[in-house]
2 protein chains.
Amino acid sequence: MRTTEQYGRKAELALTMWVKLARASTTFGRLTGKDIEQHGLTQPQFGVLEMLGHLGPLTIGDIGKRMLVTGGCVTVILDNLEKEGQVERIRSSEDRRVIKVQLTPKGESTFKTTFRKHAERVAELSSVLSEEEQIQLSTLLKKLGLSLRDKQ
Amino acid sequence: MRTTEQYGRKAELALTMWVKLARASTTFGRLTGKDIEQHGLTQPQFGVLEMLGHLGPLTIGDIGKRMLVTGGCVTVILDNLEKEGQVERIRSSEDRRVIKVQLTPKGESTFKTTFRKHAERVAELSSVLSEEEQIQLSTLLKKLGLSLRDKQ
DNA sequence: TTCAAATAGTTTAAGTTTGAAATACTCCAT
DNA sequence: ATGGAGTATTTCAAACTTAAACTATTTGAA
């Protein structure tokens, strides 16, 4: 008995779509994760460096929201990055609850060298798709992602 | 300075595409995860039930390959499902290293009720995209995923 | 036949993430 | 000005995953 017959055409379409999406996401994460580890960083650590490198100092809360990760998790990631001297916490003077996180000079330099390589790698991993296809995919994913954000 | 200028057009396209993909995947996982938890199952447990429900008995190795997860992890997931009486391990008589895992009657019934709801939910979560768009997205993801599989 | 290599699965330690409780601080209505 | 509600971050225990070491079994070449 085919899935189509059991759950209907709409569900079948959606289910297979999400399976492919999850697989692509996981596999991509594994591949780039291996690269990142070779620079002595974990994936989430790299995520934070990238964010700070591109956006400048951010609060712990902002980092968590952007990475879709809880605050407790950000704390741990930052503890480890701080031990390595890649970032520093700076307590805000306006609102003393808030902590701004920023790259140290060492973090700056780590960011620059690792991110360039990462960008090249990502471009290479995506090269099966033409530029047009990548734009198409981005557009569809954006539509899907935005709608998901508003759900439950 | 825009990312485009720093890393080139190709990298920019690919990077934003992957960010959107990861976000969609994570958010989708969170939403469906909440549903699944309400049936007393974790996401990976549900994944195994679904697989066995649709494909019949599988070996531990097969399950790991399909879920993109290590064997050690499958062992733990199965231990917990077995405690709940949802699945059973059956040592193969042809090759005594091999274990086949199959649903118990209880597992069958859990699978049937939970999966139907899951399918409806997934269809609903995907309904921002038309059927045609979902097919387009699937096609692009498949192309991307297949190419990724062969890398490094 | 026999033993080394390969394969299937489990165990273990270490790392990551989550959610809830705790702490510290700010804001606002009284 | 003051107390309660709300916000930012950390701490902690529990759950999941991985990688590597280990056990049990099979395969195949000498």
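How many residue pairs are in polar contact between chain B and chain A? Let's work up to that and beyond, keeping in mind that this is a predicted model.

**Exercise 1. Count the polar contacts, then find which parts of chain B touch chain A.**

Step 1. Start with the count: 16 residue pairs are in polar contact between chain B and chain A, both residues at pLDDT 80 or more.

Step 2. Now look at who supplies the chain B side. Helix 1 (3-7), helix 2, helix 4 (60-67), helix 6 (105-125) and helix 7 (131-149) of chain B each give at least two residues to it.

Step 3. Pick the top contributor: helix 2 of chain B gives the most, with 20 residues.

Step 4. Sort that side by class. You get 27 nonpolar, 14 polar and 15 charged residues.

**Exercise 2. Work out how much area the two chains bury.**

Step 1. Count the residues first: chain B puts 56 into the contact, and chain A puts in 56.

Step 2. Next comes the area. Chain B and chain A bury about 5700 Å² between them, and 68% of it lies on carbon and sulfur atoms.

Step 3. Zoom in on chain B. Tyr7(B), Leu68(B) and Leu140(B) supply 11% of the area that chain B buries against chain A, more than any other three residues.

**Exercise 3. Track down salt bridges between the chains.**

Step 1. Recall the idea: side chains of opposite charge can pair when their charged atoms come close.

Step 2. Get the totals. There are 18 salt bridges over all chains, and the count between chain B and chain A is eight.

Step 3. Try one pair: Lys151(B) and Glu124(A) meet through their side chains at 3.1 Å, N to O. That passes, because the cut-off is 4 Å.

Step 4. Try another: the side chains of Glu131(B) and Lys10(A) form a salt bridge at 3.5 Å, N to O. This pair runs from helix 7 of chain B to helix 2 (residues 9-37) of chain A.

**Exercise 4. Decide how helix 6 of chain A and helix 2 of chain B are oriented.**

Step 1. Check the axes of helix 6 (residues 105-125) of chain A and helix 2 (residues 9-37) of chain B: they come within 8 Å and cross at roughly 85 degrees.

Step 2. Angles from 65 to 115 degrees count as roughly perpendicular, so these two helices are roughly perpendicular to each other.

Step 3. See who meets whom. Residues including Phe115(A) and His118(A) in helix 6 of chain A meet residues including Lys10(B) and Trp18(B) in helix 2 of chain B.

Step 4. Class them: this contact has eight nonpolar, one polar and one charged residues.

How values were computed
Residues numbered from 1 in each chain as written. Chains lettered and ligands numbered in written order. Predicted model: local features only at pLDDT ≥ 70, side-chain atom pairs only at ≥ 80, totals over all residues. Heavy atoms only, no water. Axes fitted to C-alpha atoms, helices over the stretch in contact; angles between N-to-C directions. Helix = DSSP H or I, 4+ residues; strand = E, 2+ residues; numbered from the N terminus. Parallel < 35°, antiparallel > 145°, perpendicular 65-115°, else oblique. Contact = heavy atoms within 4.5 Å. Nonpolar A, V, L, I, M, F, W, Y, C, P; charged D, E, K, R; others polar. Buried area = accessible area lost by both parts, 1.4 Å probe. Polar contact = N/O pair within 3.5 Å; in protein donor to acceptor, adjacent residues only side chain to side chain.
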